Amino acid sequence: MSVEAPRRIVLLRHAKADWPDVSDHDRPLAERGRKDAPVAGRWLAGTGITPDLALCSTAARTRETWKLVAPELPRRPRTVYDERLYEASLGELIAVLNETDDQVHDLLLIAHNPGVHALADALAGKAEGDTLGRLNRSGYPTAAIAVLTFTGDWKSVEHGVGTLAAFWAPHS
């Protein structure tokens, strides 16, 4: 694949989590989250984007979100559970993206706020329509998805490199 072919980064914030008496890393999804996650999967499937790779935080709520999203997709991509995505800063998230193999065209990242919102905002040098305004007004709610496009290799992912092509949230 040419590095000039457009690539896509799909950023999925985990669905709504519950607050039981467990560590933050072990928090499961709330009932609303278990309902919203498959809806997010159906929205993603409807875009025609079929990720080549899914990078998922090791936290219980992200793994559970992915378990409910994946069956809605036309095919399940290779999945890597990466502990670095839990509580990752913007710089750490960009570093993870920079490590992506150039054979990957469409990447799905399932992670947490504030990192996911910061990443979408930082990468979006341009935006289609009012997508950037909607993303920033919404605060990037649970189960929300941003789709960014860029050209080049994964090592070139940095601030302003992408176009925010779509932003969707289940309750907006």
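The following exercises, each with a worked solution, concern a predicted model.

**Exercise 1. The sheet**

Determine the order of the strands in the sheet, and explain why β3 and β5 each have one side without a neighbour.

*Solution.*
Step 1. The sheet is open and consists of seven strands, arranged as β3-β2-β4-β1-β6-β7-β5. Their pairing is mixed.
Step 2. The edge positions belong to β3 (78-81) and β5 (124-127). Each of these has a single partner strand, so one side of each lacks a neighbour in the sheet.
Step 3. From one strand to the next, the twist averages 25°.

**Exercise 2. Parallel and antiparallel pairs**

For the pairs β2 with β4, β1 with β6, and β6 with β7, state whether the strands run parallel or antiparallel, and how many bridges join them.

*Solution.*
Step 1. Strand β2 (residues 53-56) and strand β4 (residues 106-111) run parallel and are joined by four bridges. Within this pair, leucine 53 is opposite leucine 107 of β4.
Step 2. Strands β1 and β6 run antiparallel, with six bridges between them. Here leucine 11 has alanine 146 of β6 as its bridge partner.
Step 3. Strands β6 and β7 also run antiparallel, and five bridges connect them. In this pair, isoleucine 145 faces tryptophan 168 of β7.
Step 4. As for its surroundings, β6 is mostly covered, since five of its six residues are buried.

**Exercise 3. The nonpolar cores and tyrosine 140**

Identify the residues with the most contacts inside the largest nonpolar core, and decide whether tyrosine 140 is buried or exposed.

*Solution.*
Step 1. The largest nonpolar core holds 30 residues, and Leu11 and Tyr140 have the most contacts inside it.
Step 2. Two or more residues of this core come from each of β1 (7-13), β2, α3 (90-98), β4, α4 (115-123), β6 (145-150) and β7 (162-168).
Step 3. Another core lies apart from it and has 21 residues, including Leu29, Leu44, Ile49 and Ala166.
Step 4. Tyrosine 140 itself is located in the loop between α5 (131-138) and β6. Its relative accessibility is 0%, so it counts as buried, the limit being under 20%.
Step 5. When residues up to four places away in sequence are left out, tyrosine 140 touches, among others, Leu11, Asn113, Val116, Leu135, Ile145 and Phe167.
Step 6. Although tyrosine 140 is not a glycine, its phi is positive, at about 60°.

**Exercise 4. Helix α1 and the residue that follows it**

Check whether the span of α1 agrees with its 17 residues, and describe glycine 48, which follows the helix.

*Solution.*
Step 1. The expected span of a helix is 1.5 Å times one less than its number of residues. For the 17 residues of α1 this gives 24 Å.
Step 2. The end C-alpha atoms of α1 are 26 Å apart, which agrees with the expected value.
Step 3. The buried residues of α1 are Gly33, Asp36, Ala37, Pro38, Ala40, Gly41 and Leu44. These residues pack against β1, α2 (60-69), β4, β6 and β7.
Step 4. Glycine 48 comes after α1 and has a positive phi, near 85°. It belongs to the loop between α1 (31-47) and β2.
Step 5. The relative accessible area of glycine 48 is 53%, so this residue is exposed, because the cut-off is over 50%.
Step 6. Glycine 48 and leucine 73 are 25 residues apart along the chain, and their C-alpha atoms are separated by 9.2 Å.

**Exercise 5. Two residues of one loop**

Classify aspartate 82 and glutamate 87 as buried or exposed, and name the polar contact made by the side chain of aspartate 82.

*Solution.*
Step 1. Aspartate 82 is in the loop between β3 and α3, and glutamate 87 is likewise found between β3 and α3.
Step 2. Aspartate 82 has a relative accessibility of 11% and therefore counts as buried. Glutamate 87, at 61%, counts as exposed.
Step 3. The side chains of aspartate 82 and arginine 84 are joined by a polar contact of 2.7 Å.
Step 4. Beyond its neighbours within four places in sequence, aspartate 82 is in contact with Cys56, Ser57, Thr58 and Val96.
Step 5. Glutamate 87 has a positive phi, near 60°, and is a residue other than glycine.

Methods:
Residues numbered from 1 in each chain as written. Predicted model: local features only at pLDDT ≥ 70, side-chain atom pairs only at ≥ 80, totals over all residues. Heavy atoms only, no water. Pairing = 2+ DSSP bridges. Axes fitted to C-alpha atoms, helices over the stretch in contact; angles between N-to-C directions. Core = buried A, V, L, I, M, F, W, Y, C linked by side-chain atoms within 4.5 Å. Buried < 20%, exposed > 50% of the residue type's maximum accessible area, 1.4 Å probe, protein only. Contact = heavy atoms within 4.5 Å. Polar contact = N/O pair within 3.5 Å; in protein donor to acceptor, adjacent residues only side chain to side chain.
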